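Please open the model in your viewer and keep the selection panel at hand. The tour below goes from one selection to the next and says what is found at each stop.

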Amino acid sequence: MLRCCTVHCGIWDSASPRQKSFLLTSQWYPKVMIQMDRAIRRMEPWKIAVIVVSVIVVLALIIGLITYFLCHDQDRYYNATFLITNVEYDPQYEKQTTEDFRHLSQEVETMMSAVFNGSFLSRRYIRSHVVSLSPDAGGVLASVVLVFKFASADSKATSWSHINDVLRRRLKSSSTFLNVDESTLRLTDLNKEKGDNLLNNCCGIRKQAFSFTGEERITGGQRAREGEWPWQASIQYDGSHRCGASVISNTWLVTAAHCFKGGRTDPRRWTASFGILLRPPTQKKLVRRIIIHERYNILGLDHEYDVAVVQLASAIEFTSDVHSVCLPEASHVFPDNSSCFVTGWGALENDGYSVNQLRQAEIKIINTATCNRREVYNGVITPGMLCAGYLMGKVDACQGDSGGPLVNANSRGIWYLVGIVSWGDECGKLNKPGVYTRVTYYRNWINSKTGI
């Protein structure tokens, strides 16, 4: 209630509604403003600064979130299936690691690149990957995962429509070899989880392209990044890193037999971890069974048959950072001088200590005749072994890298296990490159023990 003297109350009682509003405004609003101004003047400067900064930060966060959700690019996944009519189905297409699968898949992926790179979606198109080639009465049914990058604000329905339209307009004319029946084309929108699962269950792929710069070597060089070598595993004895290993399925690893020398064959004392860090790992698993090649000399008198497989007690959860490498067929040939990468947590110098973050080295396959020269390994390299590195030395695997992968990428960018780190004369020594167990030589043995 308005407090007033008798005169003022008489004025108030006789005033119209508009006049009462004016009286309230003219008498009370200035007083409120004066009181607020006095309160602000009494406030310490640092409190004013805190309030101003807080308001600015809140506004910036709001603007940033709005911008992120409206403009941020995100990966979107699609599954395209269609019938190829001029190719007869071959049982070799059942396995992703065969040369027949590679040839046809590469042709399909090349066609997909031509379809989208020649369209208005060229800046949105990221990659395509053939996940299966299935038999059909009319030829071969191809299933392909397509990955695009769209802004969050872009409608999913509109994006799907654009991709579908481009496929139907350009699919038939974008290949010089494949005949595609357009009436069989089906395009399905996949959520991220389904898209990732399809890709992660394909061996030998990586979530993105990595560039390699500088002198990359395990004995003193460059660290690996998350997801760069997703098949790398560490096998640990009583909790301590002992050897590297390669993921070949969600329950099997392949490694070197010599990792289990000294009676270290009780699976209950072994664990396996995954991810680029030993501590903390991305995933960790118990070991159920260790199978060492029957002809390996556990006393270590020679290096023949240096291969073993490890069965895990539970399945690995495949992600873009942890999944399998491809095993080559026994007939696969990796040419001399091919570029390969070896990875591991081994020492940076001879007789040094293991590191916590995974490292990598780019090396070359060396001709066996060269490696058997007197000044190199003087004839001890057998058909089950291969040399990789440089005769000049410096770049090499080292202690603690044993059992780890030597890998090579094919023309599709799919990575295959070439070798298993086995032995060598010290690390990075002149005329003493690393010696690896040749995986193709033991491919049938691996299959007999694991079914892979």
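Two strands are taken to pair here if DSSP finds at least two bridges between them. With that in mind, and remembering throughout that this is a predicted model, begin with Ser134, whose bridge partner in S3 is Leu141.

**First stop: the open sheet**

Widen the selection to S2 and to strand S3, residues 139-151, and you will have two antiparallel strands that are joined by ten bridges. Adding the neighbouring strands brings up an open sheet of four, which is ordered S2-S3-S1-S4 and paired in antiparallel fashion. Its edges are strand S2 (125-136) and strand S4 (180-190), each of which pairs on one side only. From one strand to the next, the twist of this sheet averages 20 degrees.

Next, select residues 99-117, which are helix H4; this helix packs on the sheet and touches strand S1 (73-84) as well as S2, S3 and S4, with a direction about 135 degrees from that of S2. Helix H5, residues 156-170, also packs on the sheet, where it touches S1, S3 and S4, and its direction makes about 160 degrees with that of S4.

**Second stop: the barrel**

Move now to the strands of the closed barrel, six in number, which follow the order S5-S6-S7-S10-S9-S8 with antiparallel pairing. Here the twist averages 45 degrees from one strand to the next. A convenient pair to display is strand S5 (residues 232-237) with strand S6 (residues 240-247), since six bridges join these two antiparallel strands. Within this pair, Gln236 stands opposite His241 in S6.

Keep Gln236 on display and add Ser273, a residue of strand S8. The side chains of Ser273 and Gln236 are joined by a polar contact of 2.9 Å. Is Ser273 buried or exposed? Its relative accessible area is 2%, and because the cut-off for a buried residue is under 20%, Ser273 counts as buried. Leaving aside residues up to four places away in sequence, Ser273 touches Ala233, Ser234, Gln236, Pro281, Gln283 and Lys284.

**Third stop: the helix on the barrel**

Select residues 443-450, helix H8, and colour its buried residues, which are Arg443, Trp445, Ile446 and Thr450. Viewed down the axis of H8, these buried residues fall within an arc of 160 degrees, so they line one face of the helix. Turning to the face directed away from this buried side, you will find the exposed residues Asn444 and Ser448. Strand S7 (252-255), strand S9 (283-292) and strand S10 (308-312) are among the elements that cover the buried residues of H8. After H8 comes Gly451, which has a positive phi near 80 degrees.

**Last stop: the nonpolar cores**

Finally, which residues touch the most other members of the largest nonpolar core? They are Ile235, Leu253 and Phe274, in a core of 49 residues. At least two residues of this core come from each of S5, S6, S7, strand S8 (270-274), S9, S10, strand S15 (415-423) and H8. S10 gives the most, with four residues. To end the tour, select Val108, Ala142, Val144 and Val166, which are included in a second, separate core of 31 residues.

Methods
Residues numbered from 1 in each chain as written. Predicted model: local features only at pLDDT ≥ 70, side-chain atom pairs only at ≥ 80, totals over all residues. Heavy atoms only, no water. Axes fitted to C-alpha atoms, helices over the stretch in contact; angles between N-to-C directions. Contact = heavy atoms within 4.5 Å. Buried < 20%, exposed > 50% of the residue type's maximum accessible area, 1.4 Å probe, protein only. Arc of directions from axis to C-beta. Core = buried A, V, L, I, M, F, W, Y, C linked by side-chain atoms within 4.5 Å. Polar contact = N/O pair within 3.5 Å; in protein donor to acceptor, adjacent residues only side chain to side chain.
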